[in-house]
Amino acid sequence: MAKLLITGGRPLEGEVRVSGAKNAALPIMCAALLTARPLALSNVPQLADISTAAKLLAQMGVAVERGADGRMTLNAAEIANPVAPYDLVKTMRASVLVLGPLLARCGRASVSLPGGCAIGARPVEQHVKGLQAMGATISVEHGYMNATAKRLRGARIAMDLVTVTGTENLMMAAALAEGGTVLENAAREPEVVDLANCLRAMGARIEGAGTDVIRIDGVSSLSGTDYRVMPDRIETGTFLTAAAAAGGRIRLTEAAPESLDATLQKLRDAGAKVMTGQDSIEIEMSGRPTAVSVRTTPYPGFATDMQAQFMALDAVASGTAVITETIFENRFMHALELRRLGADISVQGTSAVVRGVERLEGAKVMATDLRASASLVIAGLVAQGETLVDRIYHLDRGYEALEKKLGALGARIERVH
Ligand code: EPU
């Protein structure tokens with residue numbers, strides 16, 4: 001199985017292009033189910049999760065064509081099999097995003113219930129309750145959510161908690177429902193806005209995406225469109241944090257600086273010089289970072305998907321930081337691996353106290369989930385000597401050509417078998 005071998009201790013220098021956002025591309029691909037016309041996408045990242053989504057849609061009868069340069073055309077002229085099987089859902093929980101669109105377009109769907117996950121329980125009852133409020137009948141049988149509805153009706157839905165894919169699922173379902181839907185306590189993540197923009201280009205009537213109240217006026221059918229997926233803010237944040245930890249000066253192009261306010265602020269607090277352009281971000285860091293405490297909250301707060309990377313930064317910072325995770329109940333598994341590199345981290349419930357050390361030392365470590373893997377790579381870039389990161393299939397789910405991009409920035413990193 002592939003591993004990443006990193007020889008640390010070099011600053012990062014140079015320029016890389018940011019990929020399209022995984023967490024925007026996934027719901028947008030599922031939006032193809034809402035129309036019988038082709039949806040032509042660009043800036044779709046080359047990732048394992050995108051291939052899983054393509055496979056999921058293809059086995060339903062969607063014609064999927066992938067071209068060069070992140071182009072992808074999805075044509076759901078007919079949906080023969082509105083089913084998301086366990087084998088695919090178990091490898092990618094975001095598969096649940098087909099539930100709303102299938103129900104709205106076909107009047108029925110059978111979607112495997114996602115099981116537990118490395119970072120938390122991650123139930124989907126908000127998705128289910130919202131669809132039920134829109135008139136769907138949903139029962140769980142043999143591990144599958146079996147849903148039916150003649151035509152979904154618009155409803156006022158106040159979600160009990162902020163859920164990103166829950167908001168996306170309900171927004172897609174409401175786009176084809178009869179009448180108006182109001183989603184209260186909606187997620188404000190930029191990926192929700194990107195999906196709304198794509199749906200609007202397809203003819204949906206949606207207002208308020210990016211705020212916590214989204215209003216959708218259902219239409220009877222949607223058309224195809226051409227749509228460019230937004231830049232990946234978490235990939236961007238990961239490279240910036242790597243440069244803040246390892247030192248140097250890097251420039252990221254085709255980025256969306258406005259989607260990264262909380263991360264950029266924390267990087268500045270850590271002592272980095274951060275300069276933003278229209279679609280580029282440059283960071284310069286000399287000397288040791290200063291410890292920064294973070295608390296994860298839904299957007300526009302500090303992203304849970306950046307928490308692990310900041311733990312690696314804080315591990316080598318001067319001072320002590322407290323990292324509090326409020327979104328997922330088990331998202332500190334990287335702390336134990338970082339300790340294998342010499343980090344001083346103690347976890348107490350939902351908080352981790354990170355006492356910065358002067359140096360980390362390379363070791364063998366194991367990735368446990370996508371963002372945890374990214375934190376181990378950052379730590380490996382800073383550590384003295386060699387770090388071998390195992391189970392990098394987690395990284396391949398969400399970072400396009402990570403070692404190539406880091407290599408282009410001067411890092412000594414290679415994939416070994
Ligand atoms: N939750 C419930 N019930 C629900 C839905 C969510 O209790 O019905 C809870 C979750 O268990 C969690 C919290 O609400 O504690 C927030 O979860 P959310 O539903 O927002 O997460 P998600 O939609 O499953 C997306 C991203 C994640 C990211 C989270 C939080 C996609 C495909 N995934 O997941 O991305 O961490 O939002 O921002 O958009 C990643 O890319 O590495 C990743 C895990």
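**Close-up views of a predicted model**

**Figure 1. Strands β4 and β5 pair in this predicted model.** Strand β4 (residues 63–66) and β5 run antiparallel and are joined by 4 bridges. Within this pairing, R66 has M72 of β5 as its bridge partner. The two strands β4 and β5 make a hairpin, with 5 residues between them. D69 lies in the turn of the hairpin and has a positive phi of about 55°.

**Figure 2. Strand β5 also pairs with β3, and its side chains alternate between two faces.** Strand β3 (residues 39–42) runs antiparallel to β5, and 3 bridges join them. A40 is the residue that stands opposite T73 in β5. Along β5 (residues 72–75), M72 and L74 point to one face and are buried. T73 and N75 point to the other face and are not buried.

**Figure 3. Four strands form an open sheet in the order β2-β15-β17-β16.** The pairing in this sheet is mixed. Strands β2 (12–17) and β16 (273–276) stand at the edges with a single partner strand each, so each has one side without a neighbour in the sheet. From one strand to the next, the twist averages 10°.

**Figure 4. Strands β15 and β17 pair within the open sheet, and helix α9 packs on the sheet.** Strand β15 (residues 248–253) and strand β17 (residues 280–285) run antiparallel, joined by 6 bridges. R251 stands opposite E282 in β17. Helix α9 (residues 261–269) touches β16 and β17 where it packs on the sheet. The direction of α9 makes about 145° with that of β16.

**Figure 5. The largest cavity holds about 90 Å³ of space.** Of its 13 lining residues, R233, S259, L260, T263 and A303 are the closest to the centre of this cavity. Helices α8 (233–246) and α9 each supply at least two residues of the lining. Helix α9 gives the most, with 3 residues. By class, the lining of the largest cavity has 8 nonpolar, 3 polar and 2 charged residues. The model has 6 cavities of 30 Å³ or more.

**Figure 6. The second largest cavity has a volume of about 50 Å³.** Its lining consists of T238, F239, A242, A374, V377, I378, L381, L402 and L406. At least two of the lining residues come from each of α8, α12 (370–382) and α14 (402–408). Helix α12 supplies the largest share of this lining, 4 residues. The lining of the second largest cavity comprises 8 nonpolar residues, 1 polar residue and no charged residue.

**Figure 7. The second largest pocket encloses about 200 Å³ of space.** This pocket is lined by 15 residues, and those closest to its centre are A245, A246, V316, E358 and V382. Helices α8 and α12 are the elements that give two or more residues to the lining of this pocket. Its lining divides into 7 nonpolar, 4 polar and 4 charged residues. Helices α8 and α12 also each supply at least two residues of the lining of the second largest cavity.

How values were computed:
Residues numbered from 1 in each chain as written. Predicted model: local features only at pLDDT ≥ 70, side-chain atom pairs only at ≥ 80, totals over all residues. Heavy atoms only, no water. Pairing = 2+ DSSP bridges. Axes fitted to C-alpha atoms, helices over the stretch in contact; angles between N-to-C directions. Contact = heavy atoms within 4.5 Å. 1 Å grid on protein atoms, 1.4 Å probe; cavity = no way out; pocket = protein on both sides within 12 Å on 5 of 7 lines; lining within 4 Å. Points joined across faces, edges and corners; volume = space filled by probe spheres on them. Nonpolar A, V, L, I, M, F, W, Y, C, P; charged D, E, K, R; others polar. Buried < 20%, exposed > 50% of the residue type's maximum accessible area, 1.4 Å probe, protein only.
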